[in-house]
Amino acid sequence: DRARAEAESIRAALLAGGDFAATARERSGDASAAQGGDLGWFARGKMVPEFETAAFRPPKLAVAKLTIGGLGTFILVTLRRDRRQASAVASTATGTR
């Protein structure tokens, strides 16, 4: 489907060295697009389970593709984390501009 194809295209661009913030601003349909996809710090239990699993599992800076029923297809990169909280950026391909 179109959203998955767009997510794969975004993921490939990031894996090739693309700038996440610029890519999110240009291609994301997510509410965080204006902030370059920055989700800020969040604690365990504050995000949907799929985001939490991707944000708190190693390795950091991995480019994860997630499909979450009812929410869409997302690209998530964990920037920083400790045992209790993580900081990540996300871009969604659903509703792409």
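In which sense do E3 and strand E4 (residues 85–92) pair, and over how many bridges? In this predicted model, E3 and E4 pair in the antiparallel sense over seven bridges. The two strands form a hairpin with three residues between them.

**Strand pairing**

Strand E3 (residues 72–81) also pairs with strand E2 (residues 63–68): the two run antiparallel and are joined by six bridges. E2 and E3 form a hairpin, again with three residues between the strands. In that turn, Gly 70 has a positive phi of about 85°. E4 is joined in turn to E1, with five bridges between these antiparallel strands.

Individual residue pairs illustrate these pairings.

| Residue | Opposite residue | Strand of opposite residue |
|---|---|---|
| Leu 66 | Phe 74 | E3 |
| Arg 80 | Ser 87 | E4 |
| Thr 78 | Ala 88 | E4 |
| Gly 40 | Ala 88 | E4 |

Ala 88 of E4 thus appears opposite Thr 78 and opposite Gly 40.

**Burial of the strands**

E3 is mostly covered, as seven of its ten residues are buried. Because seven of the eight residues of E4 are buried, E4 is largely enclosed by the rest of the structure. In a regular strand, side chains alternate between the two faces of the sheet.

**Helix H3 and its cover**

Helix H3 (residues 49–56) has as its buried residues Phe 51, Glu 52, Ala 54, Ala 55 and Phe 56. What covers these residues includes strand E1 (38–43), together with E2, E3 and E4.

Technical notes: Residues are numbered from 1 along each chain as its sequence is written. This is a predicted model: local features need pLDDT of at least 70, side-chain atom pairs count only at pLDDT 80 or more; totals for chains, interfaces and linings use all residues. Side-chain values use heavy atoms; hydrogens and water are left out. Buried means under 20% relative accessible area, exposed over 50%, partly exposed in between (1.4 Å probe, protein chains only). Helices (H or I, at least four residues) and strands (E, at least two) are DSSP runs, numbered from the N terminus. Two strands pair if DSSP finds at least two bridges between them. Contact means heavy atoms within 4.5 Å.
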